[in-house]
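Thanks for coming, everyone. Please have a look at the structure before I start talking.

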Amino acid sequence: MTGDPGSPAPLLDQAIDLVIRLQSEPQPEVTLSLIQSWRQRSPQHEAAWQRAARLHGLSGAALAGDNARGMPRRALLIGGLAVAGTGWLVGPGLITAARADYQTGLAEVRDVTLTDGSTVTLGPKTALALTAPRQARLLQGMAFFAIAPAPQPFRLLADHCALASPDGQFDLSIQAHEVSLSVGRGQVTAQGQVLHAGDWLRLDAEGKPLEAGAQTQAQIGAWRDDFLIARDEPLASVAARIARWLPGKVVIASPSLGARRISGIYDLRDPLAALQAAVRPTGGQVRQVTRLMTVISAL
């Protein structure tokens with residue numbers, strides 16, 4: 001990094017470079033430490049970092065129209081990093097990383113055993129915080145829980161959704177401003193609603209139920225075996241999950257495209273091809289603008 005430390009533009013460039021570096025690293029601990037030291041150099045450094053984190057506001061409307069053509073590449077890139085839905089380790093995402101007891105990076109799947117004997121398989125770009133014995137909060141991402149039996153139910157929060165299970169197995173995810181729950185075994189209570197094996201529930205971020213239904217055991221947590229199974233789901237939800245296996249961010253250029261519903265089985269061993277297969281039935285296209293940003297738009 002070069003430039004006059006007292007010049008705002010070079011400092012902003014440095015801040016954006018740090019964000020890009022952070023997004024491209026599966027194991028970000030070293031870069032997080034570097035960023036913390038860089039921000040502490042002066043109030044100007046901190047202001048530049050905050051501005052870099054706020055630049056995502058440029059991309060929401062601009063990516064949907066012709067304004068994107070006139071945007072500087074760096075502004076477009078940093079905007080895309082924040083728009084994709086995961087917000088991983090940028091701005092507020094840094095706070096999420098600090099709160100987590102367990103976290104994963106790009107395309108990383110990790111098994112964790114908790115002190116009560118419960119096990120959790122964390123999907124990529126996921127953060128989990130332990131708040132008390134048999135209590136946890138899914139801060140971000142996707143996870144499969146296998147709860148160890150006990151008289152006291154295991155309690156879990158995801159956004160504003162409260163769950164409890166005495167001994168169940170279930171898949172839980174936060175993506176595209178929604179919470180999805182699928183029960184593989186046992187019983188799970190979500191927002192006062194009791195779900196049994198095969199039941200699934202989709203809620204908004206405030207905990208209001210949006211949809212419910214049933215699915216086969218093979219569909220639940222299939223991502224652990226490198227496959228994603230979607231059945232009549234919004235493209236935005238499916239794309240957000242596939243994006244956890246892709247570097248950078250995946251941006252959907254229009255809400256109407258993201259709302260189109262799709263079904264299919266997608267091989268996560270080739271996530272770009274999986275994303276293209278998911279988008280194809282909607283009539284959209286997938287373009288990799290940079291190594292760190294992929295855009296889904298209408299043809």
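**A threonine, a sheet and an arginine**

Let's begin with Thr-282. Thr-282 counts as buried, because its relative accessible area is 8% and the cut-off for buried is under 20%. Keep in mind that this is a predicted model.

Where does Thr-282 sit? Its place is the loop between H9 and S17. Which residues does Thr-282 touch, leaving out those up to four places away in sequence? There are Leu-235 and Leu-257. There are also Arg-260 and Ile-262. Hold on to Ile-262; that name comes back later.

Now the elements on either side of that loop. Helix H9 covers residues 271-279. Helix H9 lies across S15, S17 and S18. Against S17, helix H9 runs at about 145 degrees.

On to the sheet itself. Three strands make up this open sheet, in the order S15-S18-S17. The pairing is mixed. Which strands stand at the edges? They are S15, residues 249-252, and S17, residues 284-290. Each has a single partner strand, so one side of each is left without a neighbour in the sheet. From one strand to the next, the twist averages 25 degrees.

A quick reminder on pairing. Strands of a sheet pair through backbone hydrogen bonds, in either a parallel or an antiparallel way.

Here, S15 and S18 pair in the parallel sense. That pairing runs over four bridges. S18 spans residues 293-298. If you want one pair to find on screen, take Lys-249, whose bridge partner in S18 is Met-293.

Next, Arg-231. Is Arg-231 buried or exposed? Arg-231 counts as exposed, because its relative accessibility is 54% and exposed means over 50%. Its place is in strand S14, residues 227-234.

What does Arg-231 touch, again leaving out residues up to four places away in sequence? The contacts are Ala-214, Gln-219, Ile-262 and Ser-263. So there is Ile-262 again: Thr-282 touches Ile-262, and Arg-231 touches Ile-262, because heavy atoms within 4.5 Å make a contact. Gln-219 is twelve residues from Arg-231 in sequence. In space, the two are 9.0 Å apart, C-alpha to C-alpha.

Last, the whole chain. The chain has nine helices and 18 strands. Of its 299 residues, 51% are buried. Take the contacts with a separation of 6 or more: residues 24 or more positions apart account for 48% of them. The chain exposes about 13400 Å². Carbon and sulfur atoms supply 52% of that area.

That's my part. Over to you.

Methods:
Residues numbered from 1 in each chain as written. Predicted model: local features only at pLDDT ≥ 70, side-chain atom pairs only at ≥ 80, totals over all residues. Heavy atoms only, no water. Helix = DSSP H or I, 4+ residues; strand = E, 2+ residues; numbered from the N terminus. Buried < 20%, exposed > 50% of the residue type's maximum accessible area, 1.4 Å probe, protein only. Areas by Shrake-Rupley, 256 points an atom, 1.4 Å probe, with all protein chains shown as cover. Pairing = 2+ DSSP bridges. Axes fitted to C-alpha atoms, helices over the stretch in contact; angles between N-to-C directions.
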